Amino acid sequence: MSDAPRDPVHGSYHAFYGVVRTFCGVPLVTSRADVAAADAVVIGAPFDEGVSYRPGTRFGPQAVRTAEDINVTGDRPSMHAGIDPLKELSIVDWGDIDVIASDLPRSHALLTEAAGAALATDTVPVVIGGDHSLSHAMLAAMHGQFGADGYSVIHFDTHADTGEAEDGEPPHGTPFRAAIERGQLKGTNIFQIGLRGTWPGPKLFQWMREQGMQWATMDEVIDRGIADVVREAIDVARQAAPKTYLTVDIDVLDPA
Ligand SMILES: [Mn+2]
C-alpha cells in the first residue's frame, strides 16, 4: 500500500462513473500517431440521420461504452477462445467522429477519413454506430485503401441494404448497391447473413444474383446452424480478397 493519501475522486475504471468512458476502458488516444501504433482502434460514429425508422442511434457509441462495467486490471478471457483480446492486442479508443447533427454527408466524409487513416497504418478500425448508412463511409475507406479487388464483405443484417436511392430508399438501405455501382465493391465479394422478412423482394434478389452476391437467409441459418454458415462466409471472403469488411446491423438480432 502506498503511504500517499487516498484520492477521494479518481479511482479505478468502471463504466458507471468517471469523466471519460472508453470502450472496455482501453486507453483514449487523440493523435494519428497513437492510432498508427495500435493493433485496433475504436471509432464512434454517432449519427442517425440515415434511417427511415427508429432514430436514436446517435447515442449508440456512448451507450456501448457504458454498457459493460469492467475493471481493466482484471482478466477477461473469452470462454470460447481462452484468450483475453485486451491483453493479446493493443486496442485504443479514438473517441467519436466530429459530427454536426443533420449533416450526414459531412459525417460520412469524416468517418471515411478516420477509418482510412487507421487502415493506412495497418490498424483495424472498429466502428460503433450510428445507423447503417455508415457502411457508405466504410466501403469508401476500404476501397480507398485496398481497391475493389482487395477486400470482401461479410454482412450480418435483416436487410440486404441494396436499395436504390431513386426508389426512395433512405441512405441506411443503399450502401452495398451504391458501392457496387460506383465500382468501389465487387458483388462477388459479398456474403450476407440473416436476411428475413419482406425486403428485398424477388426483383431486387434477382439484381443481387446478377451481381454475384451470395447470402444465407435467417431460415437457412436456423436450418444449418450459425457456425456452418459463418464458415462458408469466411471461406468466400478469404477466397475473394485478403481483407474483409465485417459489418453487423443490430436488427439482425432484434425483432424490428
Ligand atoms: Mn437492417
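This is a chat about a predicted model of a protein and its manganese ion.

Biologist: I'm new to this one, so how many helices and strands does the protein have?
Modeller: The model, which is a predicted one, has nine helices and seven strands.

Biologist: And how does the radius of gyration sit with a compact globule?
Modeller: For 256 residues a compact globule would have a radius of gyration near 18 Å, and the protein has 20 Å, which agrees. Taken along the principal axes, the C-alpha atoms fill a box of roughly 70 × 40 × 35 Å, and buried residues make up 42% of the 256 residues.

Biologist: OK, the metal next. Which residues coordinate the manganese ion?
Modeller: The manganese ion is coordinated by D157 through OD, H159 through ND1, D249 through OD, and D251, which is listed twice through OD, with distances of 2.2 to 2.8 Å.

Biologist: How are those donor residues spaced in sequence?
Modeller: The spacing reads D-x1-H-x89-D-x1-D.

Biologist: Is D157 buried or exposed? And what about H159?
Modeller: D157 has 0% relative accessibility and therefore counts as buried, whereas H159, at 24%, counts as partly exposed.

Biologist: Switching to charges: how many salt bridges turn up in the whole structure?
Modeller: A search of the whole structure finds 13 salt bridges. One of the pairs is R65 with D93, where the closest N and O atoms are 2.8 Å apart. That pair links distant parts of the chain, since R65 is in helix 2 and D93 is in strand 2 (residues 91-96), 28 residues apart.

Biologist: Are R65 and D93 buried or exposed?
Modeller: Both R65 and D93 are buried, and for R65 the relative accessibility is 2%.

Biologist: What else does R65 meet in a salt bridge?
Modeller: The side chain of R65 also meets that of D96 in a salt bridge, again with 2.8 Å from N to O. Because R65 lies in helix 2 and D96 in strand 2, this pair ties together parts that are 31 residues apart in sequence. D96 has a relative accessible area of 32%, so D96 is partly exposed.

Biologist: Strand 2 keeps coming up, so how enclosed is that strand?
Modeller: Five of the six residues of strand 2 are buried, so the strand is largely enclosed by the rest of the structure. Strand 2 also pairs with strand 1 (residues 40-45) in the parallel sense, over four bridges, and in that pairing A40 stands opposite I91.

Biologist: What does D98 form a salt bridge with?
Modeller: D98 forms a salt bridge with R106, and there the closest N and O atoms are 3.8 Å apart. D98 counts as exposed at 54% relative accessibility, while R106 counts as partly exposed at 27%.

Biologist: Which residues are linked in a network of salt bridges?
Modeller: E220, R224, D228 and E232 are linked in such a network.

Biologist: Now D84. Where is the place of D84?
Modeller: D84 is in the loop between helix 2 (60-65) and helix 3 (85-88).

Biologist: How far away is the nearest side chain of opposite charge to D84?
Modeller: That side chain belongs to K87 and is 4.2 Å away, and D84, although buried, has no salt bridge. The cut-off explains why the K87 pair is not counted, because a salt bridge has to lie within 4 Å.

Biologist: Then what does the side chain of D84 reach?
Modeller: The side chain of D84 reaches the backbone nitrogen of L86, at 2.9 Å.

Technical notes. Residues numbered from 1 in each chain as written. Predicted model: local features only at pLDDT ≥ 70, side-chain atom pairs only at ≥ 80, totals over all residues. Heavy atoms only, no water. Donors = N, O, S within 2.8 Å, 3.2 Å for Na, K, Ca; no water. Buried < 20%, exposed > 50% of the residue type's maximum accessible area, 1.4 Å probe, protein only. Helix = DSSP H or I, 4+ residues; strand = E, 2+ residues; numbered from the N terminus. Lys, Arg positive; Asp, Glu negative; His and termini not counted. Polar contact = N/O pair within 3.5 Å; in protein donor to acceptor, adjacent residues only side chain to side chain. Pairing = 2+ DSSP bridges. Rg over C-alpha atoms; globule rule 2.2 N^0.38 Å.
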